[in-house]
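Grab a pencil and open the viewer. Here are some short exercises, each with a solution worked in steps.

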Amino acid sequence: MGKPDADGPGLPDLPPEWGRVIVPDDASALAAEADEIRRELLARAQAESPPVAPRRLPTRSAWARSPLALPVLILLVALLTTIAGLIAVTWPRSARTGAAPPNAAPYAPPADLTGRPLPALDLVDETRSPVPLRGLLPALIVLVDGCACAKELADAAVAAPDGVTVVTVDTDPAVRVPARPSRADVRALADPAGGLRGFLQLPARPGVATAVLVDRDGLVVKVVPEIRSAEDYRADLSRLAG
């Protein structure tokens, strides 16, 4: 049994507006009142605080949920790979540096060789005696490395005007020099060190003769990498004799 009221002995003075206060011996008897007070406090707190929008969880789009999404993605990747391969195959490529254009000379001399001074080279004659090449200028030099080229040599001897020395050059002094023509200003020499080829930057080729025209001042007038006829250099011979 609870105590009858707040006026009994041992209780503090309570406000009279509280009315009659009964204190039960068992606290569980106040559970209903406690629940009601908690509901009132919760309702008051919700009324005073601003409303909070509910958090929405991210959801997949309809396309992502579609069963065709993965096959279409694989097909798209395959299509792009095929297009990239076709572009790589059909894209125009620059010509390789090692391949010469069809209409160009196989061994064209450097563009800045004309007008350059001929180096002071010593060649050797049939007796293997040194012969300064610059001492034979002006000259029409015909390189016949391992090539008989009898027609080219005969044409050069005929085309060269008086005062222009025709010099045939081989790389090996052991190779038989061409027969000396009747003209006294035709010299058959050898260049075992390959100095003249190194200056021209033209490799020797079997069956091909190369012509170099040098004036009396030692300057290169013209280089013909491959002699096809005397007409390749005939017009420049008059400059050597002048």
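Helices (H or I, at least four residues) and strands (E, at least two) are DSSP runs, numbered from the N terminus. You're looking at a predicted model, where local features need pLDDT of at least 70, side-chain atom pairs count only at pLDDT 80 or more, and totals for chains, interfaces and linings use all residues. Residues are numbered from 1 along each chain as its sequence is written, and side-chain values use heavy atoms, with hydrogens and water left out.

**Exercise 1. Find the helix that holds Leu-79 and Thr-82, then look at their surroundings.**

Step 1: Leu-79 lies in helix α2, residues 69-90, and Thr-82 lies in α2 as well.

Step 2: Check exposure, where buried means under 20% relative accessible area, exposed over 50%, and partly exposed in between (1.4 Å probe, protein chains only). Leu-79 has 48% relative accessibility, so call it partly exposed. Thr-82 is partly exposed too, because its relative accessible area is 48%.

Step 3: Follow the side chain of Thr-82 and you'll reach the backbone oxygen of Ala-78 at 2.9 Å.

**Exercise 2. Work out where Asp-191 sits and what surrounds it.**

Step 1: Go to the loop between β5 (186-190) and α4 (195-200); Asp-191 is there.

Step 2: Look for a charge partner, using a salt bridge cut-off of a side-chain nitrogen of Lys or Arg within 4 Å of a carboxyl oxygen of Asp or Glu. Asp-191 has none, although it is buried; Arg-197, the nearest side chain of opposite charge, is 7.4 Å away. For this count, Lys and Arg are positive and Asp and Glu negative, while His and the chain ends are left out.

Step 3: Now try the backbone: the Asp-191 side chain reaches the nitrogen of Gly-195 at 3.0 Å.

Step 4: List the contacts (heavy atoms within 4.5 Å). Not counting residues up to four places away in sequence, Asp-191 touches Leu-123, Val-169, Asp-170, Thr-171, Leu-196 and Arg-197.

**Exercise 3. Inspect the backbone at Pro-138, Arg-128 and Gln-201.**

Step 1: Pro-138 is in the loop between β2 (130-132) and β3 (139-143). Its peptide bond from Leu-137 is cis, with omega near -5°.

Step 2: Arg-128, in the loop between β1 (122-124) and β2, has phi near 65°, a positive value in a residue other than glycine. Its relative accessibility is 55%, so Arg-128 counts as exposed.

Step 3: Gln-201 is in the loop between α4 and β6 (210-214). Here phi is near 60°, again positive in a non-glycine residue. Gln-201 counts as exposed because its relative accessibility is 54%.

How values were computed. A polar contact is a pair of N or O atoms within 3.5 Å; within protein, one must be able to donate a hydrogen and the other to accept it, and residues adjacent in sequence count only if both atoms are side-chain atoms.
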